[in-house]
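Q: Please take a close look at the interior of this model, one residue or group at a time. Once that is done, please go on to the surface that is in contact with nucleic acid.

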Amino acid sequence: MRVRFAPSPTGQLHVGNARTALFNWLLARGHGGTFILRIEDTDAERSTKVSEDSILEDLRWLGLEWDEGPDVGGGCGPYRQSERLHLYTSYANELLGAGYAYYCFCSPQKLDADRKQDLAAGRPPRYHGTCRSVGPDEARRRMEAGERAVVRFRVPDHIDISFHDLVRGEVTFNTDNIGDFVLIRSDGRPQYNFAVVIDDALMEVTHVIRGEDHISNTPKQVLVYRALTFSPPRFAHLALVMGPDHTPLSKRHGATSVAEFRDRGYLPEALMNYLALIGWSPRSDAANPGSSDELLPMDELARRFALEDVGHSAGVFDPEKLAWMNRHYMKSLPPSRVAAEAARFFTARGYLRKMTDAAAAYLESLLPMAAGSVDRLEEIPERLAFLFEYDAEAASEKADVGAVVQEPGARDVIAAMPDAIAGAMLDRESFRAMAARVREKTGQKGKALFHPIRAALTGEVGGPELDLAVPAIDRGAGLPGDAGLARIQDCAFRARSFAAAVLRGR
RNA sequence: GUCCCCAUCGUCCAGAGGCCCAGGACGUGGCCCUUUCAAGGCCAAAACACGGGUUCGAAUCCCGUUGGGGACGCCA
């Protein structure tokens, strides 16, 4: 089995395309097949190297490694259409010679006028066949005289073209609705429907899995396969991914490119798992009916994936469910993996200046208290701001902190804290011991005790469990200056300065 | 306009004629847990687009309607 993903480098990798890539990858990996990456850059105006590079980067980040492609090579290269032009020319000449194709000299203006006329008359807009009768000799004369020509495929009239779609079944189109399409443009570059056929055939692609937007191109391609006596691959067309309003997913709906999801702090594991579940679900486990099998790693998805189980209808992209999955993966993936992926967000906030072993270890140790309670990696440093941005003075001015301070007994707790802190609290026990001393001294307990403690030590009224947060503060404060992290003030200092700020006027 | 595809809770899926007064997940609501915000646990509300057939029996098969999507380029 050989499958391929063939993006055109005209922009960022879109989640819809990422899903198409994923389905191809899953099929290949699940069947010991080969996953090919081919760059369809025949549109010289819109294709850019920047886009190509970013698409490759995104695919790698997603974990969709390819076996053959522009950068890794392979036996059927080159894998960039712009480097295969001689092949298209040669096959086009073959079709021209055999009468399957002809030169067309119609101007874009005339084509446009014809199209409008068809539409107005309620006919399917298709090429009128004006140049069908131009013979080879006349064509040569006109080209020598400087006229520009495209090469068109001569579509036979009144016949049905059928193909078996692996997800949809038998699909039939009548050629009466298909105009003579362009094979080679006037500048010599191939047109999509021609280039794909040559490439898929030469690259020995066995299964073409692509978006449903290509289904009406398929009969054209079948025609080319036949004319060239290539045997066509198996086709499978995937229903499209839509926005909440059932229009094609676009920027209007928020993030749509893989890069945007990465920038917002989604894990590739979550994005892939989520995308796999739009339009497909793993066979329900016969031995365990009613069990939910949604959270599956890539290798397990690949093991279970089958085209027969792919749905026929378009699915709506649901950011809420993606967020839920992301939460799951932030909690369940190895902390080192999550920390590595989250590091850039600490850097962006200025909390991480240089990645060192000590910084990595510290960040990793923070994850249990933060990763389970937010949706995205980007929110992790936010939730840990109390570590790196503590300021007693500023905190005491905040309304919510002020409210806590006003609670009965709160000031006593705050006043008692500096003395109760015996030394660095590096574990849960030493923190609890400190809290016990304050309780003894003030008689406060429960919320009345812990709310002021939290306010004093973190400058906030909510946040991670104090059992975890307090030791994290003092462990962070003990880090050497060259650890690469922003300075963290210790609890003893915090308690003193907070008490000073709050009790000053008393 | 013409052709093609599609149609189960708000959303993603399960359901391949009786197991379905339709099952799971996300989200929503409630309750519980709790030194905070979250998280987590439990419970609940919530759907077979409509109309005809076929059949002893239809969410499942057929036809039509409606609705949605795609395509009709010297874009891919």
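A: A residue counts as buried when its relative accessible area is under 20%, and as exposed when that area is over 50%. The model is a predicted one, and everything below describes that prediction.

The cysteines come first. C76 counts as buried because its relative accessibility is 16%. C106 also falls under the cut-off, with a relative accessibility of 15%, and so counts as buried. Over the whole structure, a search for disulfides finds zero. For C106, the nearest cysteine sulfur belongs to C131 and is 3.6 Å away. A disulfide would need the two sulfur atoms within 2.5 Å, and C106 is in no disulfide.

V15 is the next residue. It lies in helix α1, which covers residues 15-30. Its relative accessibility is 1%, so V15 counts as buried. Setting aside residues up to four places away in sequence, V15 touches L249, T256, V258, F261, L275 and F317. A394 is 379 residues from V15 in sequence, and the two C-alpha atoms are 42 Å apart in space.

E40 is a charged residue that sits in the loop between β2 (34-37) and α2 (49-62). With a relative accessible area of 8%, E40 is buried. Two polar contacts of its side chain can be named. One is with the side chain of R38, at 2.9 Å. The other joins the side chains of E40 and Q81, at 3.2 Å. Q81 also appears among the residues in contact with E40 once neighbours within four places in sequence are left aside; the others are A6, P7, S8, P9, S47, Y192 and V196.

H207 belongs to strand β8, residues 207-211. The relative accessible area of H207 is 15%, so this residue is buried too. Beyond its neighbours within four places in sequence, H207 is in contact with M1, R2, V3 and R4, and also with N24, L27, L166, P233 and R234.

L228 is in the loop between α7 (218-227) and β9 (234-238). Its relative accessible area of 4% makes L228 buried. With neighbours within four places in sequence left aside, Y91, E94, L95, F194 and I198 are in contact with L228. P471 is 243 residues from L228 along the chain, and their C-alpha atoms are separated by 72 Å.

Helix α17, residues 399-406, shows burial across a group of residues: V401, G402, V404 and V405 are buried. These four cover an arc of only 160° around the axis, so they lie on the same side of α17. A399 and Q406, on the other side of the helix, are exposed. The cover over the buried residues of α17 includes α16 (392-397), α18 (410-420), α20 and α22 (491-503).

Helix α20 leads on to the nucleic acid, since α20 (447-458) is one of the elements that give two or more residues to the surface near RNA strand B. The others are α4 (108-120), β4 (150-153), β6 (169-174), β11 (315-316), α11 (319-332) and α21 (466-477). Of these elements, α11 gives the most, with five residues.

There are 68 residues around RNA strand B, and those that come nearest are P125, R168, R185, G279 and E294. On the RNA side, sugar and phosphate account for 75% of the strand's atoms that come within 4 Å of the protein. By residue type, the surface near RNA strand B divides into 21 nonpolar, 25 polar and 22 charged residues.

Three individual atom pairs show how the protein meets the RNA. At L277, a backbone N or O atom lies 2.7 Å from a sugar or linking oxygen of RNA strand B. At S281, an N or O atom of the side chain is 2.7 Å from a sugar or linking oxygen of the RNA. At K331, an N or O atom of the side chain is 3.3 Å from a phosphate oxygen of RNA strand B.

Methods
Residues are numbered from 1 along each chain as its sequence is written. Chains are lettered from A and ligands numbered from 1 in the order in which they are written. This is a predicted model: local features need pLDDT of at least 70, side-chain atom pairs count only at pLDDT 80 or more; totals for chains, interfaces and linings use all residues. Side-chain values use heavy atoms; hydrogens and water are left out. A residue is near a molecule or strand if one of its heavy atoms lies within 4 Å of it. A polar contact is a pair of N or O atoms within 3.5 Å; within protein, one must be able to donate a hydrogen and the other to accept it, and residues adjacent in sequence count only if both atoms are side-chain atoms. Buried means under 20% relative accessible area, exposed over 50%, partly exposed in between (1.4 Å probe, protein chains only). The arc is that of the directions from the helix axis to the C-beta atoms. Contact means heavy atoms within 4.5 Å.
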